[in-house]
Amino acid sequence: MTRWTYAEELRAKEIYLSSENYAAEAERALGRSRNSVISLARRQNWMRPAPAAEGQPRREGRCCRWPLWGDQGRPTHQYCDAATDRPGAAYCPEHAATARRVIPKAA
Ligand SMILES: [Zn+2]
């Protein structure tokens, strides 16, 4: 295992922050294996800023916290954000109903 230089780490982090497909891009740009890029990201505990941090003001309080899922079942790291119908409720009425859906008893 070859040690990462500081410059390589900076470049890898830049790629990590700018691309969903960072491992493949860092592999091309730095000549490191995808696995070593992924383990570097884990070791360094890199995190992408939440989408809410970019532009849209973060709404506190009465917003639905139902997580949205994108294509191929991958999380989008966004919430439904519709208004809830009472203070302290986690979900909007529609998602509250989904969350409480009763599972029919087996016959
Ligand atoms: Zn909702």
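Two residues are taken to be in contact if their C-beta atoms, placed from the backbone, lie within 7 Å. On this basis, residues 24 or more positions apart account for 26% of the contacts in the protein chain with a separation of 6 or more. The model discussed here is a predicted one, and its secondary structure comes to 4 helices and 2 strands. Followed along the sequence, these elements give the pattern α-α-α-β-β-α. Of the 107 residues of the protein chain, 10% count as buried.

Helix α1 makes a convenient starting point. This helix takes in residues 6–18, and its 13 residues should span 18 Å at 1.5 Å a residue. The C-alpha atoms at its ends are indeed 18 Å apart, so the expected and modelled spans agree. The buried residues of α1 are A12, I15 and Y16. Because these three cover an arc of only 105° around the axis, they lie on the same side of α1. The other side of the helix carries exposed residues, namely Y6, A7, L10, L17 and S18. As for what covers the buried residues of α1, the elements include α2 (22–30) and α3 (34–44).

The packing of α1 against α2 can be described next. The two helices pack at an angle of about 145°, with their axes 9 Å apart, and α1 passes α2 in a right-handed crossing. From α1, the residues E8, R11, A12, I15 and Y16 take part, meeting Y22, E25, A26, A29 and L30 of α2. The residues of this contact divide into 7 nonpolar, no polar and 3 charged. It is worth noting that A12, I15 and Y16, the buried residues of α1, appear among those that meet α2.

Attention then turns to the contact of α2 with α3. Here the axes come within 8 Å and cross at roughly 115°, and α2 passes α3 in a right-handed crossing. On the α2 side the contact is made by Y22, A23, A24, A26 and E27, and on the α3 side by R34, V37 and I38. By class, the contact of α2 with α3 has 6 nonpolar, no polar and 2 charged residues. Y22 and A26 of α2 belong to this contact with α3, and they are also among the α2 residues met by α1.

Key: Residues are numbered from 1 along each chain as its sequence is written. This is a predicted model: local features need pLDDT of at least 70, side-chain atom pairs count only at pLDDT 80 or more; totals for chains, interfaces and linings use all residues. The expected span of a helix is 1.5 Å times one less than its number of residues. A residue is buried if 20 or more other C-beta atoms lie within 10 Å of its own, exposed if 12 or fewer, and partly exposed in between; C-beta atoms are placed from the backbone. The arc is that of the directions from the helix axis to the C-beta atoms. Axes are lines fitted to C-alpha atoms, for helices over the stretch in contact, and angles run from 0 to 180 degrees between N-to-C directions. A crossing is left-handed if the near helix is turned anticlockwise from the far one by less than a right angle, and right-handed if clockwise. Ala, Val, Leu, Ile, Met, Phe, Trp, Tyr, Cys and Pro count as nonpolar, Asp, Glu, Lys and Arg as charged, and the others, Gly among them, as polar.
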